[in-house]
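This briefing is meant to be read alongside the sequence and the coordinates. Please keep both in view while going through the points on overall form, sheet and core.

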Amino acid sequence: MAPEPDVIAPGRRVRWSTLRRHLAWTVAGALALYLLTISVDQYRNLQIATIAYTAIAAAGLTVLTGSSGQISLGQGAFMAVGAYTTALLLIHREDWPLGLVLILSVLATAAVGALVGAAAARLRGPYLAGATLAFAVGLPALADYRGLRDQLGGGNGLTVPTKPPPLRLGETFPLERWQAWICGLCLVITLLLLANLQSGRAGRHLRAVRDDEVAASLAGVSVARTQILAFVISAACAGLAGGLLAFVNSLAAPGAFQLTVSFQLLAVVVIGGLGSLAGAVYGSILLVLLPTWSADLAQRLDLSRNIYANLPLAIYGVVLVVVILGFPQGLQGALLRLVRLLRGPLRPPTITGR
Amino acid sequence: MTARTILRVGATVAALALAASACGSSDNSGSGGNSGANTASAPGVTADTVTIGSHQPLTGPAAPGYSEIAPAARAYFDYINANGGINGRKIEYKYLDDAYNPTQTVTVTKQLVLQDKVFAMFSGLGTPTHTKVVDFLNSSRVPDLLVSSGCQCWDQPKEHPYTFGYQPDYVVEGKVLGQYVKLNFAGKKVAYFYQDDDFGSDGVKGLDKYIPGADVVSRQKYTPGNTDIAPQVGAIAQAKPDVVVLFTIPAYTALFRLGELKAGISPTMVVSNVGSDPITLSGLLESFAKQAGASVKGNDLIEGIVSDSYLPSLGDASNSWIALFKKVHDTYVPKLPFDGNVLFGMAQAYTFAQALQAAGKNPTRQGIVDALEKGGLTGPGLTPFRFSKDSHAGYTGVQLAVIQKGAGVPQGQPQVTDDGDGAITPITASPVQAPANGIPGS
């Protein structure tokens, strides 16, 4: 390992106060999720679980695309790797705890991410987008490949046995709340790790490589290694998200990982604000709730079937266009601007911490 | 950490908690008694409505033809509602599109059960789709009635006490079609073309019980969604069969027929009921050919296809059921073609209404399951239902039919059998007449 250059030495580790701030947000987030899940009905809990795993995949992508500057259209395919790993383990190793299964899914997907990342580190811009696009199209089709069809269930996919909530929570404890808890917990842990990563040395390396590869390598940052690392991190997140998807929906099927999923995740990241973890969460909330709202709206207005089926996509498209035109920094950027406006003129940053 | 940060975080949590408690729901109405008045006796049941749900392929590969089923069923429910409903309750039928994609099936089914709180699922369509929600529905104790698929997998009263089939299962259908091939094409070359899931493999299981393995020269499968079936058609054309048996959904029956045309072969086609509705097929053939820049006459291409049915023939205007459903069709859904899918949807809706009627004045979820298990449901079907405590399979058999001039013409007697090694026996039960006002139990 090359010696750490002096320029960025002062922040060698995550500053203590930063870590404490992240921990405070994590605890607050977990508490908020807990209060939310015990006060809403089963369907809302299911939506919370869906939002949580979508946000995990989007958070991974926002680190890759926002911080390291690599565009990936293959996040959906990485989710498929995680989902099938979880599905196969839950089917064939029924007694293994869910936590272990999810960790193994993350590791398996991270390994695939390293492979793809090694190839991707040689590619730039549209070539990278093209390569990951091919990956997103090709990988889910493997489920239907002759030799694998019997194990992976072909186009029908695999039915995953449902893991009921532990009995000590009571016999009537709703399954959906349990799923929301698991997914919510995974989300806050993922966000904590990613936030620390972004404000630590690895995050600075990612941004240095994004802004100027030559300058970064002159400063002693290994460009290829940093880019592969970004892919591994983003794939690991997608693996976790896919595993949770399989757990919540009790299935892993190619239909869940069509190309649109990868596009939608990229849109989530852009709407939320490229590189912003909070933005990934806002974007996911929009992605999951918009279709239900618009479907309710369409039903109330008694629209015809053709309009009804396309309304969610149309609304989503309008939101995307409005956000990009109005707030190029995404929802998180807009929010920060609003906060700054409310606070009045910018004050010089003060160094706090005792 | 500064005091300000703590304050900010705290305020956020408080705001979220407030928001959460504001949208928290409180439901649960009292349980129903057996008093004279109608009560909200189960989830989805009020004093004057029963809400049921379904997942249906309104878009996607299975939509051609099948997308008419749910609107037709709703039309029949509208007819019932306009005539006083069942035990004074209107049936509200909410069906959502799953595009024949199992992942969407899971999403919309959970929405129907958890958000819309339906009393029961009715007519959930498709084998690859519905298999993904059977566990969820049964563990949630939601009656899962009259699944629109002939998979054997619905008939598992011990594991899935709330799930009931509707159609004769594909093994039964395969046996009857297999016997037809054996009797009429002994020693000739046979090829199979079928869907690569339980639908296709159950059908083939039935066929193989009658057609000798040595006669089968080619077995080709397809996955719904992938419309390129040229390799499979090529393999079958090369084997030069005299008969091809298809267990396919309508779009793939049409694609295969066009493939045959291109390959220049014309074996006798024997097609499972679900993929053989003449009006749907002829429309599909014409629109597919048009997309490819050719023009064909749909009805000419399907002339002579051998198939089977468990419902009366559409062309039989003297049949009281056909007259009833035609009347409902003309009043409520005149824009749909009056074809096998519409007949299917309405006949199925009639059976549901009959079961709801039998479940009593204030139906419960267990009550409607008991009503079905008690047996004795009669209706438009050509053969009886198998429903009992030990069996949740639907119709017991089929009648052969040959497509002539764009309509299925019944052949011989309806035949019943089991999905094991039991014999195939013709039945001569006299058909039941439709009730005078078209509503069960009155």
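What follows describes a predicted model, beginning with chain B as a whole and then turning to one of its sheets and to the nonpolar core.

Chain B contains 15 helices and 12 strands, and its radius of gyration of 24 Å is close to the 22 Å that the globule rule gives for 442 residues, so chain B is as compact as a globular protein of that length. An open sheet of 4 strands in chain B is described strand by strand below, followed by the largest nonpolar core, which has 224 residues.

**Overall form of chain B**

- Along its principal axes, the C-alpha trace of chain B spans about 85 × 65 × 40 Å.
- Of the 442 residues in chain B, 52% are buried.
- Among the contacts in chain B with a separation of 6 or more, 70% are accounted for by residues that lie 24 or more positions apart.

**The open sheet of chain B**

- The 4 strands of this open sheet follow the order β2-β1-β3-β4 in chain B, and their pairing is parallel.
- The edges are taken by β2 (90-97) and β4 (144-145) of chain B, each of which has a single partner strand, so one side of each is left without a neighbour in the sheet.
- Strand β1(B), which covers residues 49-56, pairs with β2(B) in the parallel sense over 8 bridges; within this pairing, H55(B) has L96(B) as its bridge partner in β2(B), while Q56(B) stands opposite D97(B) of that strand.
- Towards strand β3(B), which covers residues 120-122, β1(B) again pairs in the parallel sense, here over 2 bridges, and the bridge partner of I52(B) in β3(B) is A120(B).
- Because 7 of the 8 residues of β1(B) are buried, this strand is largely enclosed by the rest of the structure.
- As a general point for reading such pairings, side chains in a regular strand alternate between the two faces of the sheet.

**The largest nonpolar core**

- The largest nonpolar core has 224 residues, and those with the most contacts inside it are I56(A), Y76(B) and M346(B).
- The element that gives the most to this core is helix α10 of chain A (residues 223-249), with 17 residues.
- When its neighbours within four places in sequence are left aside, Y76(B) is in contact with V328(B), M346(B), A349(B) and Y350(B); of these partners, M346(B) is itself listed with I56(A) and Y76(B) among the residues with the most contacts inside the core.

Note on methods
Residues numbered from 1 in each chain as written. Chains lettered and ligands numbered in written order. Predicted model: local features only at pLDDT ≥ 70, side-chain atom pairs only at ≥ 80, totals over all residues. Pairing = 2+ DSSP bridges. Core = buried A, V, L, I, M, F, W, Y, C linked by C-beta atoms within 7 Å. Buried ≥ 20, exposed ≤ 12 C-beta atoms within 10 Å, placed from the backbone. Contact = placed C-beta atoms within 7 Å. Rg over C-alpha atoms; globule rule 2.2 N^0.38 Å.
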